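Q: I am new to this structure and would like a close look at a single part of it. Could you take me through one helix carefully, and then show me what surrounds that part along the chain?

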Amino acid sequence: MSKKQPKQRAFPQGNEQASKPNQKKILHKETLQDTNNDENTQSNHYTQFSNKIFKGSKYMPTFIKEAPGKSSCICMKCRDPLTGKLGQAMLVNSLLAHIKSDKHYANTDPKEHKKLQELITLLEGTKKNKEINSEDKGDKTDFETKSFLKFLGFLIGQNLSFSQIHNIGSYLQKAANEKGLGFLKISSFNEELLSKITRECFRPILIDGIINSLKTKPFSLSLDNATFSGEHFCALKVKFLDLEWNDELQENISTIKNKIIALHNLKESSSGKTMEEILNLKLFQTEEIKNNLIGIVHDCASSFTGSDVGLINLLQKAGKEFLTFETLVIV
Ligand SMILES: [Zn+2]
């Protein structure tokens, strides 16, 4: 004698029983269980009733109807567990659990079981896609946080100040918002190329800008001679006050500008006469600029201070008046 097996179902079974008026208490409890099973309810997010909940199914709207509560709906195939009347109300969030339940299966005409199975496949597929998307989002946030910390670590490792890091970060953020970072994929940061671009593209424009400022603004000049790899150079640096636009304050503010105007190769001679020629060539391009020089800072080298032949003397002899400051190291 073989024992009679319960009817097998092709899809996952819920806990609900077929709706019968004499099972009110049990069914009510199960309805709550359905609700708790749903992740949206656990996160206190109640889905509102709209056509979107049908996920394009034509079968589902034939038995799921809108209920008075905005987050509720009614299954017209099942009976209310409390009143026993046709039409079981539930939260929209509990819909999938209900449709998968044994109770709903039992209340569905066997001719519709295929449609019911297709509906469950459709709803579960949508839910799974949502979960995958949310996992992707989490992974992406983790990745972005790691990338941010990695970038910060790199900048700090370059001994940049917080202010410089702030400026670089703000520039990149603005460029990213304007979709202006595409150059990263196609450009090279080779040191020789950087030097060439600076020398041939930026330098002429920057020098023009500084020279124009010096025509109208009083400035001091720092001079220093140094030797790098056996070659002698003279560095000319100007310092002046200028107005600069401040994004945060939304107005121009006075800032001290420190600009290297030339790094001149001295070759063999570093006499005061040579220095004067360099100044005339690189700096004193107009009379206004000569007149705006109000001070010179130097390191007491003989080419600057030597009597008769020192640069300071030569300038003073030419009728130029300015203050001089002597320092051991010019930064
Ligand atoms: Zn139902």
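A: A residue counts as buried if 20 or more other C-beta atoms lie within 10 Å of its own, and as exposed if 12 or fewer do. The model is a predicted one, and the part to look at with that cut-off in mind is helix H8, residues 191-216.

Of the 26 residues of H8, the number buried is 1, so this helix lies largely in the open. Its length can be checked as well: because 26 residues at 1.5 Å a residue should span 38 Å, the 35 Å between the end C-alpha atoms of H8 agrees with what is expected. The helix is nevertheless not straight throughout, for H8 bends by about 50° at phenylalanine 202, and proline 204 follows within four residues of that point.

Another helix, H5, offers something to set beside this. H5 covers residues 113-157, and its 45 residues reach 66 Å from the first C-alpha to the last, close to the 66 Å expected. H5 is also hardly covered, with a count of 2 buried residues among its 45. Just after H5, asparagine 159 takes a positive phi of about 60°.

Further along the chain than H8 comes strand E4 (219-228), which gives two or more residues to the largest nonpolar core, as do strand E5 (231-246), helix H9 (272-282), strand E7 (293-298) and helix H12 (311-317). That core has 17 residues, and among those that touch the most other members are Phe219, Leu221 and Val238. In soluble globular proteins, nonpolar side chains tend to be buried together.

The strands here are joined in turn. E4 and E5 pair in the antiparallel sense over 10 bridges, with lysine 239 in E5 as the bridge partner of serine 220. Their hairpin has 2 residues between the strands, and in it serine 229 takes a positive phi near 50°. E5 also pairs with strand E6, residues 251-265, again in the antiparallel sense, over 14 bridges, and leucine 241 stands opposite isoleucine 256 in E6. The hairpin of E5 and E6 has 4 residues between the strands, where glutamine 250 takes a positive phi near 55°.

Elsewhere, 3 strands form an open sheet in the order E1-E2-E3, with antiparallel pairing. Its edge strands are E1 (64-66) and E3 (86-91), each of which pairs on one side only. Strand E2, residues 72-79, pairs with E3 over 5 bridges, and cysteine 75 stands opposite glutamine 88 in E3.

Note on methods
Residues numbered from 1 in each chain as written. Predicted model: local features only at pLDDT ≥ 70, side-chain atom pairs only at ≥ 80, totals over all residues. Expected span 1.5 Å × (residues − 1). Bend = angle between axes of the 7 residues up to and from the residue. Core = buried A, V, L, I, M, F, W, Y, C linked by C-beta atoms within 7 Å. Pairing = 2+ DSSP bridges.
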